[in-house]
Amino acid sequence: MRTDTTTRSVRNLGILAHVDAGKTTVTERFLYLTGATHKRGEVHDGTTVTDFDPQERDRGITIFAAAVSCDWAGHRINLIDTPGHVDFSDEVERSLRVLDGAVAVFDAVAGVEPQSETVWRQADRHGVPRLAFVNKLDRAGAELDGAVESIRTRLGTVPLPVQLPIGREDGFTGVVDLVRMRAYVWADGTDAFADLPVPDELRDEAGRRRRHLEETVAELHPGALEEFCERNALSEDVLTGALRDLTLSGEAVVVLCGSAYRNRGIEPLLDAVVAYLPAPSDMPPVRGEVPADPEAPFTALAFKVNATATGRMTYLRVYAGTIGKGDTVLDTTAGRTERIARILRVQADRATEVDTARAGDIVAVVGPKSARAGATLCAPDAPVVLEPPTTADPVVSVAVEARRGTDTGRLATALARMTEEDPSLVVRSDPETGQTVLSGLGELHLEVAVEKLRRDRDLEVTVGRPQVAYRETVTKGVTDLLHRHVKQDGGAGQFAHVVIDVEPTEDGEEFEFRSTVTGGRVPQEYVRAVEAGCRDALVEGPLGGHPVTGVRVTLTDGATHPKDSSEMAFRTAGRFALREALRASVMTLLEPVAEVTVTVPAESVGSVLGDLAARRGRVTDSTTRSGTAVVSATVPLAELFGYASRLRGRTQGRGTFTTRPAGYEALRG
């Protein structure tokens, strides 16, 4: 039971990792050991709590972020199990926006993998403190030191290992806690561990590692340095406090280890979550200066929506105040008030109704009809707008249509509900063909969405071939392009005169606008209108109607009319001026590319390299270790459709690959 109702006793954390590193298994062990569940769920058996969707169980991967809660050592732990596949990184982004801490899980054999690095950078952007858990130490080839070194080199952080494994690979039985200098050993077939003295054969190694830990912490933490200089050692309390401070500041990351599948190392990880990760009150106020105070006016951010046939569930992170059943809140994003009918403490696909939620809680509410992911809900008399999570631009599209004409309306309704649940899905109508086009973050992302239509909405749909989202950019611009917008149709006229320069941006900026007009020739409100018109023009480029990026526009001159000039006239002039300038510029078509990491038997590497070259791939790295080759390459996304089956065929089913977005590059021949 929860023994402390203050925010000091709450931990809101996510589990982050590359696909198959063991995130969901770690989550299941958390729930089992804290008593939230009474049976250990297994991914391979399809019995996990958080991977409850049929597609997740069929595919054996996490697709949708799932929220669960449990209690440990007098603390409430609100936990979100996030997807590891790159196509669902937007789920991770929305989760990180509302979390205070995270546990990053790494495979002890592979170390830092591509998606591990991606989610780590996402956590960096949100300033989320992390612990690292090196999992699967019971696997052949598992090595804690190698994984720690990859954390240091690939993630650019200072890893602080606080444990030493006892035994290697299949003989892994426990860990030495370097902070307490005790050994935790798990016997086969039992869930409990024995708290023992450090084994004689590991005493020297444990002492050496404890000394290195103290020295590293003293270099980073002033308080620890002071004690270290006085005593030439650190006490357990000072070391623990310093580790927590370094975790909260992001200057270092505490590293623990174990085997979640064999239930070894999970209790110390739970203890570390309580000891080192922040409570809501430890975090700085969110943008909008909202303190984590239950007595402050109510403020919450909606980060997930489940739109089902039986109703709408809106997931909230409560940042301040307290909310009760029947209360009225203001959705400042939609500009309307909503009534909270029910408040639910969620356990993945199950929920328990509660009367109130307060600062620091993560709950679901029933009642709001219009709140979308990213909406701010607050007290009507204390309006505030919180920064919403960012949404990635879609890169792959497919045409979707109902197989039966009578289902066209149902399809439109189902797609609208899906985009409410997942803002990274975009639905539009192709103006040329009239087809409904569904866009997302990858081929698997769209496969899951289409299967959801078929399975959950009982719709028969036909799907076109995937198409990538191209962009256009300026290679060589133009100067002094003049556009005069004059319109006289009997009423009030329109007059706007603008002169612009167009050139490529630097440092990958999507769009820059500036004005060098002097002497008040174009008033400031008209300058803003010109910028708005230029943004309108970026929607369709001259090469193929694709969005334009990487453009800097400079307004150098202009003229106004005392009666006929207006913001509308200058917005129109800006739009047409930039369209003309882009047609006169040298333009380049850009295509999305991905960083691909392929792992294959060494004897298959030649075939794989040839196939990547045929797909216009550019190999950036290739290493071989213990008969296994790892090849990294940058490949156009359009060339990766169907690559999974092709790779399996070339490697007799033994090859695997992962991808992550690498931006846009000029279309290669």
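Here are some worked exercises on the structure above.

The model is predicted, so a few ground rules apply: local features need pLDDT of at least 70, side-chain atom pairs count only at pLDDT 80 or more, and totals for chains, interfaces and linings use all residues. Residues are numbered from 1 along each chain as its sequence is written, and side-chain values use heavy atoms, with hydrogens and water left out.

**Exercise 1: the sheet with β7**

Work out which strands stand at the edges of the sheet β7-β8-β9-β10.

Step 1. Get the terms straight. Strands (E, at least two residues) and helices (H or I, at least four) are DSSP runs numbered from the N terminus. Two strands pair if DSSP finds at least two bridges between them.

Step 2. Read the order. This is an open sheet of 4 strands, β7-β8-β9-β10, with antiparallel pairing.

Step 3. Look at the ends. β7 (163-166) and β10 (193-196) each have a single partner strand, so one side of each has no neighbour in the sheet. The twist averages 20° from one strand to the next; such angles run from 0 to 180 degrees between N-to-C directions, with axes fitted to C-alpha atoms, for helices over the stretch in contact.

Step 4. Zoom in on one pair. β9 (residues 182-186) meets β10 in the antiparallel sense over 4 bridges, and Trp-186 has Phe-193 of β10 as its bridge partner.

Step 5. Add the helix. α6 (residues 200-220) packs on the sheet and touches β7 and β8 (174-177), where touching means heavy atoms within 4.5 Å. The direction of α6 makes about 160° with that of β7.

**Exercise 2: the sheet with β28**

Find which helices lie against the sheet β28-β29-β32-β30.

Step 1. Lay out the strands. This one is also an open sheet of 4 strands, and its pairing is mixed.

Step 2. Mark the edges. β28 (478-487) and β30 (511-515) have a single partner strand each, so one side of each is left without a neighbour in the sheet. Neighbouring strands are turned by 25° against each other on average, direction ignored.

Step 3. Check a pair. β29 (residues 494-504) and β32 (residues 551-559) run antiparallel over 8 bridges, with His-497 bridging to Ala-559 in β32.

Step 4. Place the helices. α12 (residues 524-537) touches β29, β30 and β32, at about 155° to β30. α13 (residues 567-584) lies across β28, β29 and β32, running at about 35° to β29.

**Exercise 3: a covered strand**

Decide how well β17 is covered and name its partners.

Step 1. Count buried residues, meaning those under 20% relative accessible area (exposed is over 50%, partly exposed in between; 1.4 Å probe, protein chains only). In β17 (residues 342-347), 5 of its 6 residues are buried.

Step 2. List the partners. β17 pairs antiparallel with β20 (residues 362-366) over 3 bridges and with β18 (residues 350-354) over 5 bridges.

Step 3. Match residues across. Leu-344 stands opposite Ala-364 in β20, while Arg-345 faces Thr-352 in β18.

**Exercise 4: two positive phi values**

Say whether Glu-169 and Asn-263 are buried or partly exposed.

Step 1. Recall the background. Most residues other than glycine have a negative phi.

Step 2. Take Glu-169. Its phi is positive, about 50°, and Glu-169 sits in the loop between β7 and β8. Relative accessibility is 29%, so Glu-169 counts as partly exposed.

Step 3. Take Asn-263. Here phi is about 60°, again positive, in the loop between β11 (253-257) and α9 (266-276). At 0% relative accessibility, Asn-263 counts as buried.
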